[in-house]
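The following exercises concern a predicted model, and each task is followed by a solution in steps. Please work through them with the structure open beside the text.

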Amino acid sequence: MSLVLIHPAPDALWADARLAGVLRRALGERPVQILTRAEELDGLPGRTLLFALPLGEWGINLEYIRMLVRLRSEPGLLEGCTAGLIVDGAGELYTKSAAAELALALNRAGCALIGRPLVEGTGSLANFQVQAQVQGATLMGAYEAAVRDLAERLENPGFPRKERPRLLALHASSHHTSNTMALWSRVRAELEDRCDIQEIGLRNGTLSDCSGCPYTMCLHFGERGECFYGGVMSEEVYPAVRAADALVLLCPNYNDALSANLTAFINRLTALFRQTRFYDKAVFALIVSGYSGGDILARQVIAALNMNKSFYLPPRFALMETANFPGQAMALPGIVDRLEDFARNIRRTVLAE
Ligand SMILES: Cc1cc2nc3c(=O)[nH]c(=O)nc-3n(C[C@H](O)[C@H](O)[C@H](O)COP(=O)(O)O)c2cc1C
């Protein structure tokens, strides 16, 4: 089946000229079905999608906003689809935040995202400086090459399932009082008959944040499966990530962000990423906020682990709940059904049944 190119047409055509040109040159003769209006997003379940979003200078595309309404309000709209994204801006801002917002909306509508699903073109294309240098290409040449590469990677969008998958759950909470851990215990109980589950606690003091070594130094340590700081990250976490088929991040909301320990884990993953890609590892997240803001953390996980670090994003990768006082999460109305759905989703993604 042909690729479906979703290309919300902006009102001012000039705002789209660059992206339209890149798509024409990069996709060449490849057969694509092109959709430009929100009303056309029907009959797509199971298809492979390339979402090409022109944002103009101010980061707003009204036809895209109409599509966002459909994605958020129709949970099965993209059941079984897999997507890649291109976001093109006329200024230097908004491309990444729009991409993360779109990715979460697609994901909640039932769509998976391949690892490294995003090609981003900022107004100046300065984001292609390093790639252009490596390829000996112009900035525009590097942009087109990235779109061509994305379209090729979308040709085989499947995810390998295993007879006995390995899950790695990472947390930084106290087992006794944590709402996040209480929810995870229930999910874990649904999975351990068919999966090998390892849990690692990254509590305060066990993990230093990335020190931002020069690229060659990071590469040097990464090639030996290590990192400048060593410690629990090289000895325990890297081998566990290498062995895992899926990560489950257990994420309480701390100031509308992942906690410092989990963020340090992601930053320190850079050394391992230098020598290996994570396309065949999935990432899930269990997110608990005391008040609000779960979607902000979900977008952070997508941006960091799916877009930057190349993990596969399965459909509905995140369960987001709101609970504050100890014990509150497991008393939420309907929580057991949602936890069972979440566990079923993990099984469906990783388990060959
Ligand atoms: C340092 C810190 C910052 C927090 N910031 C937020 C916040 O910005 N928004 C929010 O909704 N809840 C916030 N909370 C509340 C937690 O997300 C909430 O208590 C949740 O249940 C934490 O999960 P836990 O019980 O697993 O620790 C914060 C809690 C702490 C300790």
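**Exercise 1.** Determine which residues come nearest to the ligand, and describe the shell around the ligand by residue class and by the elements that supply it.

*Solution.* Begin with the 18 residues around the ligand, among which Ser178, Thr180, Pro252, Gly290 and Tyr291 come nearest. Next, sort the shell by class, which gives six nonpolar residues, eleven polar ones and one charged one. Finally, assign the shell to secondary structure: α6 (179-191) and β9 (282-289) each supply at least two of its residues, and the largest share, three residues, comes from α6.

**Exercise 2.** Decide whether the two faces of β9 are covered or open, and state what follows for the strand as a whole.

*Solution.* Take one side first, where Ala282, Phe284, Leu286 and Val288 are all buried, and then the other, where Val283, Ala285, Ile287 and Ser289 are buried as well. Eight of the eight residues of β9 are therefore buried, so the strand is largely enclosed by the rest of the structure.

**Exercise 3.** Identify the strands that pair with β9, and trace how the chain connects them.

*Solution.* Strand β8 (residues 246-252) pairs with β9 in the parallel sense over seven bridges, with alanine 246 standing opposite alanine 282. From β8 the chain passes through helix α9 (residues 260-275) to reach β9, in a β-α-β crossover that is right-handed. Turning to strand β10 (residues 318-322), one finds parallel pairing with β9 over five bridges, in which threonine 322 of β10 is the bridge partner of serine 289. The chain runs from β9 to β10 through helix α10 (residues 294-308), and this β-α-β crossover is right-handed.

How values were computed: Residues numbered from 1 in each chain as written. Predicted model: local features only at pLDDT ≥ 70, side-chain atom pairs only at ≥ 80, totals over all residues. Near = placed C-beta within 6 Å. Helix = DSSP H or I, 4+ residues; strand = E, 2+ residues; numbered from the N terminus. Nonpolar A, V, L, I, M, F, W, Y, C, P; charged D, E, K, R; others polar. Buried ≥ 20, exposed ≤ 12 C-beta atoms within 10 Å, placed from the backbone. Pairing = 2+ DSSP bridges. Right-handed = clockwise from strand over helix to strand, strands pointing away.
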